[in-house]
Amino acid sequence: MRKKGPDTTGGQDVSVLFATLGGMAALNLLIQGLLAYMLLPEGRGAYAVCIVFGTLLGLLLTPGAAQGAQYFVAARLISVSQGVSSALIISLVGGGLAAALALPLIYSDVPFFQKAETHTFLLALILVPLTVISVALDHQLVAQRRFRRLAVFSMLRVMANAFTILALVWGLGLGVDGAVMAFAAGHCVMIVACLLDLRRHCGLAFEIPGRLHFTRILGYGLKYYVARVGNAIEPHIGIVVLGLISSQAEIGLFSAASALMLGFVLISNSVGIALLPRIAGLERADLVALCLRLVCMATAFALLAFLALSTPLVHLLLSDAFLPAVPLLWILAPGLLAYAVSRIFMTHFKGANLPDVCSWAVFLGVCVNLGALLLLYPKLGVEAAAWAMTMGMLCSFFFLAIVFHRVTRMGWPSVWLPRRSDASFLWAAGRSVFVSSFSFRVTAVH
């Protein structure tokens, strides 16, 4: 029997998450501005390759640490203690092994590792276990539908990142090293807060997981492995490839542009986080279709409004040194819209225990992205990274859409044509923002 979740509606959960992620997006814009003004394109490029290196490395050897444990806890097939313990063990063992294997690469002559100082790459190794554990615990709060707490902790993480950047980069003048340490500080805050909350409110206790638990979690994780790694790599593969063939300044321009555009995925993330616990182990294709329509319309509107003001916004947020990134924003926009909608498709397949579909979609997108970038870069330069990213995301979207319609047997009009009920849901969700924002402030205080 499934355990009853918190007494909140989907609209309330989405509104809380959207308000929180909106606040996080604003803080992230502040962070992007601080990095742009303090590090300039060259330093921003060095920071980007170090963060991508540290955050992606841990994913390679930790299958099931986040999504596998989350699915079985959300579906009430294992306890939260078993899920968290399994995720922590997988994260620590896999993350430690990944960091050890990376050491020879840091000291190698690979061009990617020439885009920042060696000691900065060594410093970035602390991100390997920190980011994996932070993401795993984040997923456990979602499994428990503790969205308000997740909102508070996520805000604390970003705030800790921003304040530490000010202290280390601006105050102490530590440059890229200080920015990397600030990123790590944010995840440390997230880990501590999540562990304390799960222990206090969800009965978390360390428990040696049984062999069956590990087998089930790793089995799910391996099916989702390509999607998990690909989802992390897909938005950043341009930085990885540019790190091999381009200059620090070009990397800085592309990383700043992609970071700004990825902020528009917050609508999809808000809806997807609230959706997953409601569909895990169940068949609710109509609810997924509603979310697809709402995410598509809301994201498209937000993107158009941003692009209309993109030049003055880049001038204000990032400085004149980043104005060459404005054309990249227009190129990335269609891909980001497809990417946002694809996140809802993936939420459906994860909840239906079909994570391998996500893996195939992401694998297709990454291959198209990589191939297009290598083919177009000699002619288009840094713009090739933006075109390649858009092409890869569009391919992933069409693959997921086709599979979704075949699996659910829903017609295209029934999924994509707006309905009156969509407006009713939006109105109810909008009203709940005011109620949720008040209770959210009370939760944050207490």
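Let us start at I245, which sits in helix α10 of what is a predicted model. With a relative accessibility of 39%, I245 falls into the partly exposed class, because that class lies between the 20% and 50% cut-offs. I245 also has company at the surface: together with L105, V110, L244, L370 and L374, I245 forms a nonpolar patch. The accessible area of these residues together is about 460 Å². Two helices, α10 (237-245) and α16 (355-380), each contribute at least two residues to the patch.

From the surface, let us turn to a pair of helices. Helix α13 covers residues 285-308 and helix α15 covers residues 326-351, and their axes come within 10 Å of one another. How do these two helices run relative to each other, roughly parallel or roughly antiparallel? The axes cross at roughly 160°, so α13 is roughly antiparallel to α15; the cut-off for that label is an angle over 145 degrees. As for handedness, α13 passes α15 in a right-handed crossing.

Next comes a side-chain cluster built around an acidic residue. The count of salt bridges comes to two, and D197 takes part in one with R146, where the closest N and O atoms are 2.7 Å apart. This contact ties together distant parts of the chain, since D197 belongs to helix α7 (residues 175-201) while R146 lies in the loop between α5 (127-143) and α6 (147-171), 51 residues apart. D197 also meets R149 in a salt bridge, with an N to O distance of 3.6 Å. Here again distant parts of the chain are linked: R149 is in helix α6 and D197 in helix α7, 48 residues apart. Through shared partners, R146, R149 and D197 become one network. Is D197 buried or exposed? Its relative accessibility is 4%, so D197 counts as buried.

Finally, a look at the backbone, where two residues deserve a glance if you like torsion angles. Most residues other than glycine have a negative phi. L40, however, has a positive phi near 60° without being a glycine. This leucine is placed in helix α1 (residues 10-57), and L40 is partly exposed, with a relative accessible area of 43%. R409 likewise is not a glycine and has a positive phi of about 60°. Where does R409 lie? R409 is found in the loop between α17 (383-408) and α18 (412-416). With 77% relative accessibility, R409 counts as exposed, because the cut-off for that class is over 50%.

Conventions. Residues numbered from 1 in each chain as written. Predicted model: local features only at pLDDT ≥ 70, side-chain atom pairs only at ≥ 80, totals over all residues. Heavy atoms only, no water. Patch = residues over 30% accessible without salt bridge, like charges linked within 9 Å, V, L, I, M, F, W, Y side chains within 5 Å. Areas by Shrake-Rupley, 256 points an atom, 1.4 Å probe, with all protein chains shown as cover. Salt bridge = Lys/Arg side-chain N within 4 Å of Asp/Glu carboxyl O. Helix = DSSP H or I, 4+ residues; strand = E, 2+ residues; numbered from the N terminus. Buried < 20%, exposed > 50% of the residue type's maximum accessible area, 1.4 Å probe, protein only. Axes fitted to C-alpha atoms, helices over the stretch in contact; angles between N-to-C directions. Parallel < 35°, antiparallel > 145°, perpendicular 65-115°, else oblique. Left-handed = near helix turned anticlockwise from the far one by under 90°.
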